[in-house]
Amino acid sequence: MIMNRLSLNVFLALMLIFVLTSGVFAQDTPPLNVVTTTGMIGDAVENIGREGVSVTTLMGPGVDPHLYRASEGDMRRIAQADVVFFNGFHLEARMSDVLARMGGRVITVAVGEAVSSEFLLDDKDYPGQADPHIWFDVELWMKAVEKVRDVLIEHDSDYADYYHENAEAYLAQLYDLHQYVIDQAERVPENQRVLITAHDAFGYFGRAYGFEVRGLQGISTEAEAGIRDVRELADFIVERQIPAIFIESSVPVRNIEAVREAARAQGFEVSIGGELFSDALGDAGTFEGTYIGMVTHNIDTIVGALLQEGK
Ligand SMILES: [Zn+2]
């Protein structure tokens with residue numbers, strides 16, 4: 001009986017040691033200090049890095065990355081980071097100097113460069129430059145996610161297995177998401193798959209999921225839409241009898257409202273099909289505040305509006 005109690009105590013002591021040491025991260029290991037520009041990249045780093053990383057995302061909900069300038073605080077955060085992930089292809093147009101300058105001091109990684117050039121679309125406004133909105137083709141975005149995984153492993157190799165496992169799980173979810181978008185898109189008859197938004201963020205989305213896309217502003221929001229752009233888009237809507245157009249969370253509503261008014265002047269009523277998350281995630285703590293939530297919200301909103309469900 002005494003022996004039994006002794007072995008039980010030994011067993012419990014061993015269990016305790018096991019529990020204390022089996023956490024993947026020892027408490028005295030500081031997490032990898034990661035800074036990202038967009039929320040989409042920040043979400044990928046969180047999903048793969050989990051306990052191994054501390055992530056700061058510079059561009060919050062509703063923030064337009066094309067126009068974003070780094071603040072003093074951002075500069076400090078970047079300077080103190082172990083790794084900085086950004087999108088690249090001039091998405092962060094007004095941060096390119098900062099990122100280039102900091103590149104000599106901290107590790108900076110453009111996740112977009114993981115996508116091989118044959119899959120890139122051209123920016124119509126800047127020939128020779130790639131369209132940066134790669135996250136709207138989920139399969140392409142998976143390449144960027146793999147890049148995040150590889151960089152974390154490279155700079156924190158003690159936890160390579162951990163990052164690998166987390167990435168496998170996340171990539172499997174993204175693969176399911178890609179299939180979901182395909183299935184939803186196919187509910188819309190092919191000739192009705194026309195997506196009209198405030199700016200040209202959905203080129204990759206259109207190519208991957210079979211939508212004709214038109215943006216009022218170009219690929220960047222830096223150039224304002226003119227009266228002619230508004231009229232041309234309105235003519236297109238009336239001619240094709242497009243039932244719905246969409247606003248974006250990171251672009252002012254007034255532009256797309258002007259298109260609606262111009263169509264109305266021709267006697268055609270086009271509805272605002274809802275708000276899409278184009279270049280920024282939704283609020284933190286909501287489903288739309290994640291990449292998967294953003295993509296799901298967008299396809300559900302687009303398909304629902306084009307099929308005029310709920311009317
Ligand atoms: Zn954009």
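I'll start with one contact: the side chains of Ser-278 and Ser-250 are joined by a polar contact of 3.4 Å. Keep in mind that this is a predicted model.

Where does Ser-278 sit? It is in the loop that runs between β8 (271-276) and α10 (291-306). Is Ser-278 buried or exposed? Its relative accessible area is 0%, so Ser-278 counts as buried; the cut-off for buried is under 20%.

What is Ser-278 in contact with, if we set aside its neighbours within four places in sequence? The list includes Ser-249 and Ser-250, along with Glu-248. On it too are the aromatic residues Trp-135, Phe-136 and Phe-202, then Ala-201 and Met-294, and finally His-199.

His-199 brings me to the metal. Which residues coordinate the zinc ion? They are His-66, His-133 and His-199, each through NE2, and Asp-279 through OD, at 1.9 to 2.1 Å. The angles among the four donor atoms run from 95 to 123°, and the site is tetrahedral. Along the sequence, the spacing of the donor residues reads H-x66-H-x65-H-x79-D.

Take His-66 and His-133 as a pair. They are 67 residues apart and link distant parts of the chain. His-66 lies in the loop between β2 (53-57) and α3 (72-80), while His-133 lies in the loop between β4 (107-110) and α5 (138-155). As for accessibility, His-66 is at 1% and therefore counts as buried. His-133 has a relative accessible area of 0%, so His-133 is buried as well.

To go back to the start: Ser-278 has His-199 among its contacts, and His-199 is one of the residues that coordinate the zinc ion.

Conventions:
Residues are numbered from 1 along each chain as its sequence is written. This is a predicted model: local features need pLDDT of at least 70, side-chain atom pairs count only at pLDDT 80 or more; totals for chains, interfaces and linings use all residues. Side-chain values use heavy atoms; hydrogens and water are left out. Helices (H or I, at least four residues) and strands (E, at least two) are DSSP runs, numbered from the N terminus. Buried means under 20% relative accessible area, exposed over 50%, partly exposed in between (1.4 Å probe, protein chains only). A polar contact is a pair of N or O atoms within 3.5 Å; within protein, one must be able to donate a hydrogen and the other to accept it, and residues adjacent in sequence count only if both atoms are side-chain atoms. Contact means heavy atoms within 4.5 Å. Donors are N, O and S atoms within 2.8 Å of the metal (3.2 Å for Na, K and Ca); water is not among the atoms, so sites may look incomplete. Four donors count as tetrahedral if all angles lie between 85 and 135 degrees; four count as square planar and six as octahedral if opposite donors are over 155 degrees apart and all others between 65 and 115; anything else is irregular.
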